[in-house]
Amino acid sequence: MRRNLITSFLYTIVTAVLLGVAYPLLMTALAQVFFHDKANGQMIVRNGSVVGSRIIGQTFSGVSYFHGRPSAAGANGYDASSSGGSNYGPTNKKYIDRVESSVAELQGDNPGAPVPIDLVTASGSGLDPDITPAAAEFQIPTVAKARGISAEELKQLVAKHTAERQLGFLGEPRVNVLELNLELDNANSRVVSK
Amino acid sequence: MTWSGWLQILIFFGVLLVMVKPLGVYMARVFEGERTFADPLFRPIERLLYRLTGVDESREMRWSEYGIAMLLFSGVTMLLTYGIQRLQTILPWNPQKLGAVAPDLAFNTASSFTTNTNWQAYTPESTMSYFTQMVGLATHNFWSAAVGMALAVVFIRGIARRESKTVGNFWVDMTRATMRILLPICVVYGLVLVSQGVVQNLRPYDTAKLIQPQTAATTDSNGKQVTQVIDTQAIAQGPVASQEAIKMLGTNGGGFFNANSAHPFENPTPLSNLLEMLSIFLIPAGLTVTLGRMTKSPRHGWAVFAAMAVLFFAGVIVAYSAESQPNPLLHGVDQQTTVAQAGGNMEGKEVRFGIANSALFATVTTDASCGAVNSMHDSFMPLGGLVPLVNILLGEVVFGGVGAGMYGILIMVVLTVFIAGLMVGRTPEYQGKKIEAYDVKMAMLYVLIFPLSILILAALASISPVFGLTALTNNGPHGLSEILYAYASATGNNGSAFAGLSANTHFYNFTLGAAMLIGRFFMIVPMLAVAGNLAGKKVVPPSSGTFPVTTPLFTVLLVSVILIVGALTFFPALTLGPVLEHLLLHAGKAF
């Protein structure tokens with residue numbers, strides 16, 4: 001008993017140093033050397049300042065940007081220091097009401113058009129960087145009108161930022177909203193400079 | 001449902017199947033102390049570890065001493081984690097200057113990580129410093145997993161050994177599990193995760209300037225409406241990959257971030273998702289081969305594997321079908337499956353994973369006692385959420401937790417053999433060992449502690465409006481499901497949640513903390529007693545009346561016993577929760 005108790009303490013200390021300090025520090029060193037960008041969150045830098053992470057979504061509103069999904073992260077959504085979902089169950093009135101108001105907002109001047117489901121449902125992380133190709137397609141007319149860019153050109157932009165299934169079979173096809181919107185701003189500045 | 005979805009599920013299982021045998025054989029060699037190819041690398045480290053900690057590696061323990069060493073070690077490590085949380089303000093690697101964790105929450109978390117549950121009543125990114133995550137929590141991911149593996153090996157030795165008083169040395173088994181299995185896999189696997197985009201750094205949180213600043217209306221302290229401009233996004237960072245690797249491999253499941261494996265920094269791509277799911281099942285599935293090899297009956301190992309596979313597929317088929325259904329209460333939305341969208345129930349799910357990978361992950365994480373999530377189980381359709389709940393209530397024996405799944409199903413095997421013996425009126429034997437009254441009593445103790453803890457505590461929470469019900473996000477039958485899931489998850493040492501339950505209250509922190517300790521240690525002790533008792537028995541040669549444990553008939557009986565024990569115990573509670581919600585949903589009722 002006494003011997004095992006002493007070993008318990010010693011074993012805890014020695015392995016805590018090994019598994020809790022040496023192992024993560026070794027991994028940090030290796031990751032920083034071999035995968036510097038990925039290990040630090042794939043930050044996008046524009047004009048010298050960080051404007052976001054390639055794999056973390058942001059809030060977009062109004063008609064001139066593609067919208068991401070509703071977010072339950074933090075008080076105002078897309079809070080990347082407070083990730084999480086709504087945890088609304090399928091029979092929750094608050095859930096049904098929230099979807100209804102999102103639908104009304106997104107249908108805008110096109111009432112009655114069914115809205116792709118991912119565009120009115122909150123993701124698990126609240127930080128989903130992606131929408132489905134269907135959700136991007138749905139928003140093309142609105143953004144095209146607001147931006148003065150042809151729907152055809154927008155379609156090409158969306159296609160450019162659509163990732164197919166990884167390795168051809170894994171996951172689902174998806175459109176990265178932040179990258180698409182950054183490119184939108186670029187496209188607009190091209191239009192202006194013409 | 002899509003062909004692509006089914007294909008991904010089959011590929012997942014196919015890859016698992018390929019990996020099971022080599023790993024299982026390797027683990028058997030490691031725990032039997034045979035030479036392996038990696039000896040030159042690991043022997044010196046192990047020798048040093050034994051010298052520093054005063055372990056005599058040739059000394060064997062009886063089951064009781066083994067159990068005491070395990071309890072002492074668990075107690076000491078639990079204290080360490082409690083202490084680190086309380087003192088994190090004066091410890092290093094706290095760039096966000098996070099304050100000390102409250103005592104009740106620190107107790108809950110220490111219980112949670114010590115018991116391999118990883119229930120999280122806290123929001124990690126705003127509660128735990130990098131030091132606490134690394135030294136206080138990730139260490140437990142190794143320790144609790146290694147303890148589980150050691151205990152499973154003890155049970156296997158109990159079956160394999162003859163007239164033996166001892167079952168092995170706790171410290172040696174722990175060390176071998178950690179140094180030769182968990183740690184080497186984690187180093188490689190962690191780096192692969194980083195290559196997919198899982199972050200690994202010690203930097204303070206980043207602040208990004210938003211592309212499109214937003215205004216939000218809030219109410220200030222005087223109750224006045226004010227508009228607030230939000231033009232930045234704080235992005236939490238941390239040493240995630242090193243923890244993510246062992247979190248999955250050790251079936252721990254405690255996320256570095258609140259959103260767990262739904263968070264893009266924990267699980268950025270469909271490939272990382274596939275690897276995370278595989279690493280949950282890898283060791284538990286491999287242990288079936290270890291069982292076959294160490295008991296010199298490989299076909300018995302595969303018969304157990306087959307039973308697990310049947311229950312796994314049953315779960316994933318129901319979950320995937322349920323989640324693909326449209327929610328009849330929603331209007332003006334397109335929930336159909338097309339080439340451009342997965343459709344179905346997307347609340348709480350990520351686009352990159354879609355329906356198939358979310359349903360599969362939910363099934364895998366609760367078949368095993370992992371509890372990591374890549375989608376929010378609370379937002380599943382009633383029957384979709386029923387699957388993870390039932391998986392936990394069946395005792396997480398479908399592959400199960402590392403080690404815990406193996407000794408869990410071996411208890412079920414003992415009961416199966418016993419029931420088969422009763423049916424033909426002979427003394428039941430298992431691998432030549434007579435199963436006697438003492439073994440069955442201990443096995444039943446193991447089986448009964450589980451529902452007692454879940455049902456009594458869940459009932460207590462359900463009838464206390466102040467303590468229990470104020471924490472709910474969802475009303476109606478779904479509210480009962482939230483409570484039932486919480487106590488099932490805690491007692492089953494799973495750790496996933498119907499996370500709408502705001503469980504960071506004194507009441508929930510203490511009762512769930514207690515449930516986790518009961519579900520781990522009160523069940524381990526009778527299990528060890530069975531193992532120790534089996535080890536001491538003589539082997540009788542098989543006769544024509546012996547029930548063979550290598551046949552499909554055995555697999556069918558084993559599955560039936562698991563289902564009947566689970567169903568008889570929990571059917572009434574499940575009827576009032578998910579089943580009732582399903583019926584009401586289709587009657588158009590919301591709460």
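Select Ile131(A) in this predicted model. Opposite Ile131(A) stands Val175(A), a residue of E6(A). Now widen the selection to the strands. E4(A) pairs with strand E6 (residues 174-176) of chain A in the antiparallel sense, over two bridges. Add E5(A) to see an open sheet of three strands, ordered E4-E6-E5, with antiparallel pairing. Which strands are at the edges? They are E4 and strand E5 (162-163) of chain A, each of which pairs on one side only.

Next, colour chain A by domain. Domain 1 covers 2-36 and domain 2 covers 41-193. The centres of domain 1 of chain A and domain 2 of chain A, taken over C-alpha atoms, are separated by 41 Å.

Now show both chains and select the contact between them. Chain A contributes 94 residues to the contact and chain B contributes 108 residues. On the side of chain A that touches chain B, the elements giving two or more residues include helix H1 (2-34), helix H3 (93-107), helix H4 (133-147) and helix H6 (177-193) of chain A. H1(A) supplies the largest share of this side, 22 residues. Colouring the side of chain A that touches chain B by class gives 47 nonpolar, 38 polar and nine charged residues.

Stay at the contact and select E3(A), which is strand E3 (115-116) of chain A. E3(A) pairs with strand E5 (residues 333-334) of chain B in the parallel sense, over two bridges. Pick Val115(A): its bridge partner in E5(B) is Val333(B).

Move into chain B and select Val289(B), which lies in helix H8 (residues 270-294) of chain B. Is Val289(B) buried or exposed? Val289(B) is buried, because 23 other C-beta atoms lie within 10 Å, and the cut-off for a buried residue is 20 or more. Leaving out residues up to four places away in sequence, Val289(B) touches Val20(B), Lys21(B), Gly24(B), Val25(B) and Gly301(B). Add Leu23(B) to the view: Leu23(B) and Val289(B) are 266 residues apart along the chain, while their C-alpha atoms are separated by 8.3 Å.

The last stop is helix H12 (residues 404-424) of chain B. Its 21 residues, at 1.5 Å a residue, should span 30 Å, and the end C-alpha atoms are 31 Å apart, which agrees. Colour H12(B) by burial: 17 of its 21 residues are buried, so the helix is largely enclosed by the rest of the structure. Then step to Gly425(B), which follows H12(B) and has a positive phi, near 70°.

Terms used
Residues numbered from 1 in each chain as written. Chains lettered and ligands numbered in written order. Predicted model: local features only at pLDDT ≥ 70, side-chain atom pairs only at ≥ 80, totals over all residues. Helix = DSSP H or I, 4+ residues; strand = E, 2+ residues; numbered from the N terminus. Expected span 1.5 Å × (residues − 1). Buried ≥ 20, exposed ≤ 12 C-beta atoms within 10 Å, placed from the backbone. Contact = placed C-beta atoms within 7 Å. Nonpolar A, V, L, I, M, F, W, Y, C, P; charged D, E, K, R; others polar. Pairing = 2+ DSSP bridges. Domains from an automatic or database assignment.
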